[in-house]
Amino acid sequence: MIIRKLKEEDIDSCISVCQECFNIEGYSYNTRFENQFKEGYITPEFYVCEIDNNIVGVMGLSGCGFDSSVFSMCTAYIKPDFQKKGIGKTLLEEVFKNT
């Protein structure tokens, strides 16, 4: 498992992760997240989890505008097959460690 900062070339894979997370009964995929990625809504506080050269999770914070030291969680997606394996916790720890 590799946790690293999100790169521009990761965007399509991150969109796929988001779509897969919403591809379950009772939920519908919201293109708002896809549009944010495509429109450059990437900050240094976005991280991905990579396993076997595949992105299986993405997590990020966004600034709160009025105070550059305040952030809020804006994205947290782990592919369903990789949930409950500590990936979310590991991503969160990495995000907070580097913010």
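Select Cys21 to begin: in this predicted model its relative accessibility is 14%, and because the cut-off for a buried residue is under 20%, Cys21 counts as buried.

Keep Cys21 selected and widen the view to helix α1, which covers residues 11–21. The buried residues in α1 are Ile11, Cys14, Ile15, Val17, Cys18 and Cys21. If you then look down the axis of α1, these buried residues fall within an arc of 155°, so they line one face of the helix. The spacing behind such a pattern is general: an α-helix has 3.6 residues a turn, so residues three or four places apart point the same way.

Next, turn to the sulfur atoms, where a search of the whole structure finds zero disulfides. For Cys21, which is in no disulfide, the nearest cysteine sulfur belongs to Cys18 and lies 6.7 Å away. Since a disulfide is counted when two cysteine sulfur atoms are within 2.5 Å, that separation of 6.7 Å leaves Cys21 without one. Now select Cys49, which has a relative accessible area of 0% and is therefore buried.

Finally, release the selection and colour the protein chain by secondary structure, which comes to three helices and four strands, running from the N terminus in the order β-α-α-β-β-β-α. Of the 99 residues in the chain, 36% count as buried, while the chain as a whole exposes about 6,100 Å², with carbon and sulfur atoms supplying 46% of that area. With contacts drawn for separations of 6 or more, 55% of them are accounted for by residues 24 or more positions apart.

Conventions
Residues are numbered from 1 along each chain as its sequence is written. This is a predicted model: local features need pLDDT of at least 70, side-chain atom pairs count only at pLDDT 80 or more; totals for chains, interfaces and linings use all residues. Side-chain values use heavy atoms; hydrogens and water are left out. Helices (H or I, at least four residues) and strands (E, at least two) are DSSP runs, numbered from the N terminus. Buried means under 20% relative accessible area, exposed over 50%, partly exposed in between (1.4 Å probe, protein chains only). Contact means heavy atoms within 4.5 Å. Accessible areas come from the Shrake-Rupley method with a 1.4 Å probe; for residues, only the protein chains shown count as cover. The arc is that of the directions from the helix axis to the C-beta atoms.
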